[in-house]
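Here are some short exercises to work through with the model open beside you. Try each task before you read its solution.

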Amino acid sequence: MTKTILVVDDDLRTLKLVGLVLNQEGYDVVAADSGEEALEKARAQDPDLIVLDVLMPGLNGYEVAQQLRADPATAGVPILMLTAKSDLNDRMTGFEVGADDYLTKPFHRDEL
């Protein structure tokens, strides 16, 4: 059974790039370009993993992660933060709101 990954980023180039990399690795990819859309799709699609940007208009990635963790339907879905925010405080905040891992942009395909 193919695993589904929800990719969330307001930058369409990043959405396409991450989606392409994950598709080539055999995953089904669902894309969302806002925090609000991410919450809707996470509940509707039941993804196996969420790749989540931090810097987005509206709900940012930290807020989305907190809401995902607070919802019993999505609380157990692993979250990978994929963001340009790279300092230690940013990483710590990501883990505090529920991220399982944290990867900074630019990223290497093999690392993703």
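**Exercise 1.** Find how strand 1 is joined to strand 3 (residues 49-52), and in which sense the two run.

*Solution.* Start with the bridges in this predicted model: four of them join strand 1 to strand 3, and the two strands run parallel. For a landmark, pick Leu-6, which stands opposite Ile-50 of strand 3. Next, turn to strand 2 (residues 28-32), which pairs with strand 1 over five bridges, again in the parallel sense. Here Thr-4 has Asp-28 as its bridge partner. Finally, trace the chain between these two strands: it leaves strand 1, passes through helix 1 (residues 12-24) and reaches strand 2, making a right-handed β-α-β crossover.

**Exercise 2.** Decide whether the faces of strand 1 are covered or open.

*Solution.* Take one side first: Thr-4, Leu-6 and Val-8 are buried there. Then look at the other side, where Ile-5 and Val-7 are buried too, so both faces are covered. That gives five buried residues out of the five in strand 1 (residues 4-8), and therefore the strand is largely enclosed by the rest of the structure.

**Exercise 3.** Work out which parts of the chain the salt bridge between Asp-71 and Arg-43 ties together.

*Solution.* Begin with the contact itself, a salt bridge with an N to O distance of 2.7 Å between the side chains of Asp-71 and Arg-43. Now place the partners: Asp-71 is in the loop between helix 3 and strand 4, while Arg-43 belongs to helix 2, so the bridge ties together parts 28 residues apart in sequence. Last, check exposure. Asp-71 has 17% relative accessibility and is buried, because the cut-off for buried is under 20%. Arg-43, at 44%, is partly exposed.

**Exercise 4.** Find the salt-bridge network that includes Lys-105.

*Solution.* First locate the bridge from Lys-105 to Asp-53, at 3.5 Å from N to O. Lys-105 comes after strand 5 and Asp-53 sits in the loop between strand 3 and helix 3, so this pair connects parts 52 residues apart in sequence. Asp-53 is buried at 4% relative accessible area, whereas Lys-105 is partly exposed at 24%. Then add Asp-9, which is linked with Asp-53 and Lys-105 in the network.

**Exercise 5.** Compare Leu-88 and Gly-94 in helix 4: is each buried or exposed?

*Solution.* Leu-88 lies in helix 4 (residues 88-96) and is exposed at 58% relative accessibility. Together with Met-92 and Phe-95, Leu-88 makes a nonpolar surface patch of about 290 Å². Gly-94 is also in helix 4, but its relative accessible area is 0%, so Gly-94 is buried. Among the residues Gly-94 touches are Tyr-62 and Tyr-102.

Definitions and conventions. Residues numbered from 1 in each chain as written. Predicted model: local features only at pLDDT ≥ 70, side-chain atom pairs only at ≥ 80, totals over all residues. Heavy atoms only, no water. Patch = residues over 30% accessible without salt bridge, like charges linked within 9 Å, V, L, I, M, F, W, Y side chains within 5 Å. Areas by Shrake-Rupley, 256 points an atom, 1.4 Å probe, with all protein chains shown as cover. Salt bridge = Lys/Arg side-chain N within 4 Å of Asp/Glu carboxyl O. Helix = DSSP H or I, 4+ residues; strand = E, 2+ residues; numbered from the N terminus. Buried < 20%, exposed > 50% of the residue type's maximum accessible area, 1.4 Å probe, protein only. Contact = heavy atoms within 4.5 Å. Pairing = 2+ DSSP bridges. Right-handed = clockwise from strand over helix to strand, strands pointing away. Lists of a residue's contacts leave out its neighbours within four places in sequence.
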